[in-house]
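Please open the structure in a viewer and keep the selection panel at hand. The tour below proceeds stop by stop, stating what to select and what is found there.

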There are 2 protein chains.
Amino acid sequence: MTVTTPQGFRAAGVAAGLKSTGARDVALVVNDGPLDVAAAVLTTNRVFAAPVAWTRQAVSDGRATAVVLNSGGANACTGPEGFADTHRTAEHVADVLSTSAGDVLVCSTGLIGVRLPLEKLLAGVDAAAAALADPVATVDGGGDAALAIMTTDTVPKTVSVVREVSDATATDGAATWSVGGMAKGAGMLAPGLATMLCVLTTDAVVDAATADAALRAATRTTFDRVDSDGCMSTNDTVILLASGASGVEVTLDELTDAVTEASASLARQLVADAEGASHDVAVTVVNASSEDAAVAVARAVTRSNLFKAAIFGNDPNWGRIVSAVGTVPEDVAPFDALLLDVTVNDVQVCRAGGVGEPRELVDLAAEREVRVEIDLHAGSASATVWTNDLTHDYVHENSAYSS
Amino acid sequence: MTVTTPQGFRAAGVAAGLKSTGARDVALVVNDGPLDVAAAVLTTNRVFAAPVAWTRQAVSDGRATAVVLNSGGANACTGPEGFADTHRTAEHVADVLSTSAGDVLVCSTGLIGVRLPLEKLLAGVDAAAAALADPVATVDGGGDAALAIMTTDTVPKTVSVVREVSDATATDGAATWSVGGMAKGAGMLAPGLATMLCVLTTDAVVDAATADAALRAATRTTFDRVDSDGCMSTNDTVILLASGASGVEVTLDELTDAVTEASASLARQLVADAEGASHDVAVTVVNASSEDAAVAVARAVTRSNLFKAAIFGNDPNWGRIVSAVGTVPEDVAPFDALLLDVTVNDVQVCRAGGVGEPRELVDLAAEREVRVEIDLHAGSASATVWTNDLTHDYVHENSAYSS
């Protein structure tokens with residue numbers, strides 16, 4: 001159920017003292033091949049962390065043999081010294097694993113604006129490498145790695161998607177190939193990407209261009225459609241490593257489908273564990289003029305604090321939905337405000353831009369999941385963006401996080 | 001200190017039973033002339049309330065003799081019936097005041113998606129008109145009107161700006177002219193405009209084009225720079241009425257200056273009374289390539305829930321500031337992330353994109369007002385956007401408002 005589900009991967013997660021709690025905080029994921037294909041999608045934030053700058057360069061040749069990840073510090077806004085720390089980390093991993101630094105990707109997560117305790121981190125790399133070499137310790141190495149990247153996450157997020165090979169393409173007796181993955185992210189959770197770290201692995205035989213295309217397609221419709229709190233991070237990284245160890249060649253469509261399924265599962269797990277949330281909210285826009293228009297309208301709703309606070313109060317206050325819809329410019333999403341329908345948990349509370357069924361018919365208290373559907377009557381495209389409610393616990397966690 | 005400070009205006013505010021609390025909820029502001037100049041700036045939300053549609057049309061000729069305002073219901077998303085309610089209200093005011101319905105502007109505020117109790121509202125208009133005619137009751141009519149437009153506001157917001165006429169332009173012995181005003185707004189408080197109702201009055205002699213130009217210039221740099229919670233309303237309305245009763249002719253610059261001063265005061269009062277807030281935060285961007293760039297960067301910061309929650313926790317978490325700055329596209333605001341300086345309450349916590357003075361030097365607990373300055377080192381333009389912190393009380397008020 002994790003990055004080690006696909007053949008050809010080892011992982012480890014250890015406690016190196018970066019977290020004051022003593023919990024695991026350094027992880028390694030190693031691709032033993034035969035392929036060393038890699039792709040990454042990185043934050044579009046113009047203020048990006050040193051490991052993002054490093055990984056962007058290191059993955060540009062479509063190859064990587066290892067990923068080192070740490071929690072306990074984002075290594076963002078740390079200047080040239082911070083970049084040197086990342087460089088040093090990659091070189092140390094390369095030394096320990098007998099690879100080259102340019103084939104080591106780096107991810108960090110935690111507080112912005114604080115240097116990492118480098119000696120502790122390097123000692124953690126040594127401990128993780130030792131665990132990789134220990135057959136007993138590596139039994140649940142994938143699970144340990146998923147634990148090591150958690151920050152305010154309350155549970156680790158992992159996934160595996162196993163595909164059986166149809167007779168027509170099974171040439172060498174391999175019956176299955178798979179995609180595995182782990183992710184972290186509970187705050188600063190918004191598109192472009194959702195604020196998170198994620199490592200996906202596959203034992204399929206694919207080239208770098210296919211891996212890159214599949215990963216970008218998958219993130220666009222999964223992680224990019226999570227908008228828990230509207231805040232974009234400096235460290236967002238989603239990595240896909242392909243070992244080819246299954247011997248199964250797959251098409252771009254097959255890989256995209258499996259990576260999307262794994263990413264959708266992880267994205268849903270992120271929403272379910274978002275900081276302080278009491279509801280997971282799916283905002284679906286239907287009959288839009290384009291998919292981009294549907295996403296823009298859904299995103300406007302998922303970013304409304306008033307809407308999110310109402311959901312926390314189990315209040316189907318649809319006025320806050322339509323007032324958010326109305327903020328989207330006409331050139332982005334054409335629609336007629338007098339045609340808008342809004343349904344909350346299957347009750348059409350707004351019909352043709354006016355009052356529909358009584359809002360009292362909506363039950364928000366029964367389930368954690370809330371379904372909002374907005375019908376624009378302007379085309380045939382649709383999209384769903386996930387968000388959370390705005391709660392006392394969100395305010396509490398985020399007013400106390402760095403202190 | 002209110003809409004009746006300038007000569008030529010009467011006002012009243014009465015309790016008509018629209019609010020369940022029994023507080024004042026219907027207001028009238030009447031311009032007795034000799035001029036009946038009027039201008040309005042209205043919400044840009046594509047989902048706009050019936051009174052906004054009415055007022056946009058009624059003010060298009062640059063003239064109005066009265067404004068009727070109610071709290072206790074926004075009359076938004078109420079369909080053709082809601083527009084008929086607004087029309088009926090304007091006609092009733094016209095009958096009572098012996099004017100024409102097309103010279104009556106209408107403003108409503110309260111819950112979206114609920115019809116107004118029209119008979120109560122019309123009876124309120126009668127009572128307000130009676131109070132206008134009563135010399136005793138009208139002594140504090142402006143204050144009563146300011147009370148009647150409150151929703152979750154805890155205090156009324158009023159202002160007056162009095163200008164002495166310099167010798168060169170004093171031709172008829174009038175020594176002063178003035179601008180008065182009142183406003184409401186505590187939630188759904190964001191630009192385009194800030195979610196609010198505001199009536200400004202002046203006894204200066206101006207034509208409709210001058211009034212319109214002065215009002216648009218004033219709102220652009222005051223109400224449009226308040227972003228308490230990022231949520232744009234369906235009912236935002238700012239109205240300027242000019243009676244000419246002072247006999248003083250003023251230039252566009254003079255009027256703009258006074259209306260801007262009055263609007264800035266009201267905007268600051270709105271921020272100070274925003275729902276549940278414990279801090280008022282001025283985010284100033286300096287050395288931007290343009291004023292629009294400065295506003296875009298400031299707005300990105302004022303819309304970050306993580307930043308706002310940190311301020312509530314008296315935590316100068318500057319990583320949340322720079323990560324919000326980094327979300328602004330380069331074509332909107334060019335800057336080099338490695339040159340960014342950030343100062344919080346005069347302590348430069350981020351210098352050249354990296355770590356500056358220790359964050360422990362920043363004291364956020366001492367004062368309600370917080371000053372953030374972001375230096376882009378990309379030009380010479382600057383702008384300030386005001387916001388509030390994200391608090392438990394904000395969540396509480398907005399999760400319970402409509403229930």
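The stops run from the relation of the chains to strands, a helix and ring contacts.

This is a predicted model, in which local features need pLDDT of at least 70 and side-chain atom pairs count only at pLDDT 80 or more, while totals for chains, interfaces and linings use all residues. Residues are numbered from 1 along each chain as its sequence is written, chains are lettered from A and ligands numbered from 1 in the order in which they are written, and side-chain values use heavy atoms, leaving out hydrogens and water.

**The two chains**

Begin with both chains displayed. A turn of 180° with a shift of 0.0 Å along the axis lays chain B on chain A with an RMSD of 0.0 Å, the superposition being by least squares on the C-alpha atoms of residues with pLDDT of at least 70 in both copies. That is the relation of a two-fold axis. The same surface serves both copies, as 100% of the contact residues of chain B recur in chain A; contact means heavy atoms within 4.5 Å. Now select B:His392, which of the residues of chain B comes closest to the rotation axis, with its C-alpha at 2.7 Å.

**Strand β10 of chain B**

Next, select residues 280-288 of chain B, which form strand β10. Helices (H or I, at least four residues) and strands (E, at least two) are DSSP runs, numbered from the N terminus. Eight of the nine residues of β10(B) are buried, so the strand is largely enclosed by the rest of the structure. Buried means under 20% relative accessible area, exposed over 50%, and partly exposed in between (1.4 Å probe, protein chains only).

Add β14(B), residues 369-375, which pairs with β10(B) in the parallel sense over seven bridges; two strands pair if DSSP finds at least two bridges between them. Here B:Thr284 stands opposite B:Glu373. Then add β15(B), residues 381-388, which runs antiparallel to β10(B) and is joined to it by seven bridges. B:Ala288 has B:Ala381 as its bridge partner.

**The sheet in chain A**

Move to chain A and display the open sheet of six strands, ordered β13-β12-β11-β14-β10-β15 with mixed pairing. Which are the edge strands? They are β13 (354-355) and β15 (381-388), each pairing on one side only. Zoom to β11 (residues 341-344) and β12 (residues 347-351), antiparallel strands joined by three bridges; A:Val342 is partnered there with A:Cys350.

**Helix α3 of chain A**

Select residues 118-133 of chain A. This helix of 16 residues reaches 23 Å from its first C-alpha to its last, close to the 22 Å expected at 1.5 Å a residue, where the expected span is 1.5 Å times one less than the number of residues. Its buried residues, among them A:Leu118, A:Val125 and A:Leu132, pack against β1 (9-14), β2 (26-31), β4 (66-70) and α2 of chain A.

**Rings and charges**

Finally, display A:Trp54 and A:Phe83. Their ring centres are 6.2 Å apart and their planes at 50°, so the pair is tilted. Rings of Phe, Tyr and Trp (its six-membered ring) pair if their centres lie within 6.5 Å; planes under 30 degrees apart count as stacked, over 60 as edge-to-face and the rest as tilted. A:Trp54 is buried at 11% relative accessibility, whereas A:Phe83 is partly exposed at 34%.

Select B:Arg46 last: it lies over the face of A:Phe335, at 3.8 Å from the ring centre. A charge sits over a ring if NZ of Lys or CZ of Arg is within 6 Å of the ring centre and within 35 degrees of the ring normal.
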